[in-house]
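Colleague: Please take a close look at one part of this model and walk me through it. Begin with how open or covered it is, then carry on to whatever else deserves a careful reading.

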Amino acid sequence: AVGSKVDVEFRNPGSMTNRSATLMAADDDGASFALVDFAPRPEFSDMIDYRVLPEGFGYILVRMELELTNPGYPTGVYEMFKEAVSSFVEAKVPGIILDFRGNYGGSDQLAADLCGFFFTSPSFYEMQEYFDSRDGRFFRITVSDRGAYPIVENIMIEPQSPYYSGPVAVLVNPQTKSSGEGIPMGIARLPQGKVVGFDGTNGSFGMVGGEIQLPEGFRIGYPFGRSIDSSGLVQLDSKMGSGGVAPGLKVPKTYENVMAFASGVDVELQYAMGHLFEQAGTSR
């Protein structure tokens, strides 16, 4: 509580002497926690940023899989991503880093399509089931049931053009949510793909759309659909603290890494580049 006191004993880096102090809790409006926030989010935007890093790798930041002014399929986001991959294929970059940290989610179909730039053959993405409050059961929507829900029975990862064959690293964090988790899920299946981060994704992969209207204009939104894998099991959603996409390359929270992260160094990006250097057989 603010104003409470605690006695601590500590030793500063480089010192052999222990010191004691009495500290009083103060309200800093979350500023100290922000120094070690392992789940930051980018600005809320449907724009994609891409560039070739000084180390020679391609870098793409994807904030969401939807367009803020277009309720349909996010064609603009798809075209920006395609432009980025095309430029990297033409430049023959030795590896690509996809930054999905804090991704806000959006279209499942777009998520599958973005994966397609790194696949040479179709791959299962998901089946979708929705809750029917009339009988308390989940039902699977088929093509003939489209009606108000423009959803197909199965979503597949279909190869897209151009195809990038080099190694791919996907950056994630606990704020990577919804369809933003679908891209690391797909890339992790590839022999040339690797998910990188201090922690895994959020484990919130269900389809949103349920809503409860409350007085005074308030409302509660909640997921009312679930993503099913090819075996008929719910995928990625968290249960008992387990879910999401775990990093294949987990960045350790060592003293050195945490202090560097707190000082503004993008440690996760450095680890991703280190992995790509190994895959390319080159040194920094």
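Modeller: The model is predicted. Strand β2, residues 19–24, lies largely in the open, because 0 of its 6 residues are buried. Its pairing is with strand β1, residues 5–10: the two run antiparallel and are joined by 6 bridges. One pair can be named, since D7 has T22 in β2 as its bridge partner. In a regular strand, side chains alternate between the two faces of the sheet.

For a contrast in exposure, turn to S179. This residue is in the loop that connects β9 (168–171) with α4 (182–187). S179 has a relative accessibility of 0%, so it counts as buried, the cut-off being under 20%. Its side chain makes a polar contact with the side chain of E65, at 2.9 Å. Leaving out residues up to four places away in sequence, S179 touches E65, G105, G106, S107, D108, A111, Y125 and F205.

Some of those names return at the largest pocket, which has a volume of about 540 Å³. Of the 22 residues that line the pocket, L66, G106, S107, D108 and V208 lie nearest its centre. G106, S107 and D108 are thus both contacts of S179 and among the lining residues nearest the pocket centre. Helix α3 (108–115) and strand β11 (207–213) each supply at least two residues of the lining. By class, that lining comprises 9 nonpolar, 9 polar and 4 charged residues.

Technical notes. Residues numbered from 1 in each chain as written. Predicted model: local features only at pLDDT ≥ 70, side-chain atom pairs only at ≥ 80, totals over all residues. Heavy atoms only, no water. Buried < 20%, exposed > 50% of the residue type's maximum accessible area, 1.4 Å probe, protein only. Helix = DSSP H or I, 4+ residues; strand = E, 2+ residues; numbered from the N terminus. Pairing = 2+ DSSP bridges. Polar contact = N/O pair within 3.5 Å; in protein donor to acceptor, adjacent residues only side chain to side chain. Contact = heavy atoms within 4.5 Å. 1 Å grid on protein atoms, 1.4 Å probe; cavity = no way out; pocket = protein on both sides within 12 Å on 5 of 7 lines; lining within 4 Å. Points joined across faces, edges and corners; volume = space filled by probe spheres on them. Nonpolar A, V, L, I, M, F, W, Y, C, P; charged D, E, K, R; others polar.
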